[in-house]
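Reader: Please take me through one part of this model in detail, beginning with a single strand residue and working outwards to the strands around it. I would like a careful, connected account.

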Amino acid sequence: MSPFDPFAQAAASQLSAPDAMTKAAVGEITLIDIRTPMEWARSGVPKGAVTLSIQQQDFPQALEALVEGDKSRQLALICATGSRSAMLQRYLLSQGYENVVDVSEGMMGNHMAPGWLRRGLPVEPYQL
């Protein structure tokens, strides 16, 4: 594989939920919860995360505004179980974003790791 292959980079660019929490807390990354407003309302949002649903029509423009046009900003994506965040990570890398990591265990966990909620990491309430 080429070192410039976005799929190869995506596979190597993952964070655990505790590492994402720590890096977001010190401003090393911008943690983006890409789930839906209904999901945010049910479980809360990771403390310090930005909510930006991939379902909103203007997602690309909203993300560009969030990073102020700087595609080199350090971003970490979290969803429910890691599927949507991994898919979006690959897409963003193909669109010129340079530093996108996947919080691969997500909020709910998966077969690889317990997830943000089961680890007892802090969440903030979300109001619809």
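Author: In this predicted model, T30 has a relative accessibility of 16% and therefore counts as buried, since the cut-off for that class is under 20%. T30 is placed in strand β2, which spans residues 30-33. Setting aside neighbours within four places in sequence, the residues in contact with T30 are V50, L66, R73, Q74, L75 and A76. Q74, L75 and A76 bring us to strand β5, which covers residues 74-78.

The pairing of the strands gives these contacts their setting. β2 and β5 run in the parallel sense and are joined over four bridges, and within this pairing D33 stands opposite I78 of β5. Strand β5 is itself mostly covered, with four of its five residues buried.

β5 also pairs with strand β6, residues 99-103, again in parallel and through four bridges; here Q74 is the residue that stands opposite N99 in β6. Q74 thus appears both among the contacts of T30 and in the pairing with β6. The connection between these two strands includes helix α5, residues 83-94, and β5, α5 and β6 together make a β-α-β unit that is right-handed.

Strand β6 is largely enclosed by the rest of the structure, because four of its five residues are buried. Besides β5, β6 has a parallel partner in strand β1, residues 14-15, to which two bridges join it, and in that pairing L15 stands opposite V103 of β6.

From β1 the chain goes on to helix α2, residues 17-25, whose N-terminal end is capped by S16: a side-chain oxygen of S16 lies 3.2 Å from the backbone nitrogen of D19. After α2 comes G27, which has a positive phi, near 80°.

A20 offers a link to another part of the chain, since its C-alpha atom is separated by 9.9 Å from that of A49, although the two residues are 29 apart along the chain. A49 sits in the loop between β3 (45-46) and β4 (50-51), and with a relative accessible area of 17% A49 is buried.

One further feature concerns the aromatic rings, where a search of the whole structure finds one aromatic pair. The partners are W40 and Y126, arranged edge-to-face with 5.0 Å from centre to centre and 70° between the planes; the edge-to-face label applies because planes over 60 degrees apart fall in that class. W40 belongs to helix α3 (residues 37-43) and Y126 to the segment after β7 (123-124), so the pair ties together parts that lie 86 residues apart in sequence. The two partners fall into separate accessibility classes: W40, at 3% relative accessibility, counts as buried, whereas Y126, with a relative accessible area of 25%, is partly exposed.

Key
Residues numbered from 1 in each chain as written. Heavy atoms only, no water. Phe/Tyr/Trp six-rings, centres within 6.5 Å; stacked < 30°, edge-to-face > 60°. Buried < 20%, exposed > 50% of the residue type's maximum accessible area, 1.4 Å probe, protein only. Polar contact = N/O pair within 3.5 Å; in protein donor to acceptor, adjacent residues only side chain to side chain. Pairing = 2+ DSSP bridges. Right-handed = clockwise from strand over helix to strand, strands pointing away. Contact = heavy atoms within 4.5 Å.
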